[in-house]
Amino acid sequence: PASEPIRVFLSLSLFGFDLSITSAVITIWTAAAIIFLITFLATRRPSIVPGKLQNFLELLYEVFEQQTKDFLKEESDKWLPFVFTIFSFILVSNLLGLIPNVYVITSNINVTATLAALVFLIYNLAGIKEHGLGGYFKAFIPKGVPIFIAPLLFVIEIFGQLARPFSLAIRLFANMTAGHLVAFTILSLIFVFKNIWIAGFPLLGRVAISLFEVFVALIQAYVFAYLAALYIGLAINEET
């Protein structure tokens, strides 16, 4: 379940920082290894007539390219690899979490908050690089706004910017946690009623929830990556 405690396999520390190898770390490494293996197998012998794996990855990539080209514009080729990497990591991590006894890293707020903070840092740095520090923050205030209202709008925009990573982290965390809690609750009905004749209903419910969780895993990975691309596009293409 999502509330499963993190297991420590090897305790390590460096300069006071905890670098222990835990079940969460193992899941992160596994997700990264799976993504590397799939992309390596798909691209080691690229062909004009792609194989099934290459064709599948190209199809996914093209979907993101089509969905994000309106706001990434000419910077699409530059930022799509980052966006697609975020999508791939979250999707694989979500799917790994459906395997029994695998720690669900995307139901850990520390993991989702780190991903959200990374996106927040990236798109703000991209905006500053594109427009300069003054130009980037100048875009927070719409043109033609009276001077006495400008400070209030600037503060509101700052809070809006800070709300973006918060919503990214909470959305992914809450959805992945909720799915596992619902599945655990349905299975617990077997022990609540203590009746073998109704055991089939919770099991069928668990299967249905598992299938739905696969759909949620895909949707949440897509939404996170799509919003990351949107925020980058808004930052680099904001009129100053």
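Biologist: Let's start with phenylalanine 224. Which residues does it touch, leaving out those up to four places away in sequence?

Modeller: This is a predicted model, so read every contact as one in the prediction. Phenylalanine 224 touches Ile86, Ile90, Leu115, Ala116, Val119, Leu168 and Leu172.

Biologist: Where does that put Phe224 in the largest nonpolar core?

Modeller: That core has 42 residues, and Ile90 and Phe224 are the ones with the most contacts inside it. Helices H1 (23-43), H2 (52-72), H3 (76-96), H4 (109-138), H5 (150-193) and H6 (200-237) each supply at least two of its residues.

Biologist: What is the overall layout of the chain, in helices and strands?

Modeller: The protein chain has six helices and four strands. Along the sequence they follow the pattern β-β-β-β-α-α-α-α-α-α. Of the contacts with a separation of 6 or more, 66% are between residues 24 or more positions apart.

Biologist: Now a single helix. Which residues of H1 are buried?

Modeller: The general idea helps here. An α-helix has 3.6 residues a turn, so residues three or four places apart point the same way. In H1 the buried residues are Ser23, Ala24, Thr27, Ala31, Ile35 and Ala42. Viewed down the axis of H1, they fall within an arc of 120°, so they line one face of the helix. On the other side of H1, Trp29, Phe36 and Thr43 are exposed.

Biologist: And what covers the buried residues of H1?

Modeller: The cover includes strand S1 (8-10), strand S4 (21-22), H2 and H3.

Biologist: What span should H1 have, at 1.5 Å a residue?

Modeller: Its 21 residues should span 30 Å, and the end C-alpha atoms are 30 Å apart, which agrees. H3 can be read in a similar manner: it has 21 residues and reaches 29 Å from its first C-alpha to its last, close to the 30 Å expected.

Biologist: How many residues of H3 are buried?

Modeller: H3 is mostly covered, with 15 of its 21 residues buried. For the protein chain as a whole, buried residues make up 35% of the 240 residues.

Biologist: Let's turn to rings. How many aromatic pairs does the structure hold?

Modeller: There are twelve aromatic pairs. A pair of aromatic rings is described by the distance of the centres and the angle of the planes. Take phenylalanine 64 and tyrosine 222: their ring centres are 5.4 Å apart and their planes stand at 45°, so the pair is tilted. Phenylalanine 64 lies in helix H2 and tyrosine 222 in helix H6, so the pair ties together parts that are 158 residues apart in sequence.

Biologist: Is phenylalanine 64 buried or exposed, and what about tyrosine 222?

Modeller: Phenylalanine 64 has 2% relative accessibility, so it counts as buried. Tyrosine 222 has 24% relative accessibility and therefore counts as partly exposed.

Biologist: Which residues do ring pairs link into a cluster?

Modeller: The cluster is made of Tyr61, Phe64, Phe71, Phe84, Phe87, Tyr222 and Tyr226.

Biologist: One polar residue to finish: where does glutamine 220 lie?

Modeller: Glutamine 220 lies in helix H6. Its relative accessibility is 9%, so glutamine 220 counts as buried. Leaving out residues up to four places away in sequence, glutamine 220 touches Asn94, Arg171, Leu172, Asn175 and Met176. Leu172 is also among the residues that phenylalanine 224 touches.

Biologist: And what area does the protein chain expose?

Modeller: About 14,600 Å², with carbon and sulfur atoms supplying 72% of it.

Terms used. Residues numbered from 1 in each chain as written. Predicted model: local features only at pLDDT ≥ 70, side-chain atom pairs only at ≥ 80, totals over all residues. Heavy atoms only, no water. Core = buried A, V, L, I, M, F, W, Y, C linked by side-chain atoms within 4.5 Å. Buried < 20%, exposed > 50% of the residue type's maximum accessible area, 1.4 Å probe, protein only. Contact = heavy atoms within 4.5 Å. Expected span 1.5 Å × (residues − 1). Arc of directions from axis to C-beta. Phe/Tyr/Trp six-rings, centres within 6.5 Å; stacked < 30°, edge-to-face > 60°. Areas by Shrake-Rupley, 256 points an atom, 1.4 Å probe, with all protein chains shown as cover.
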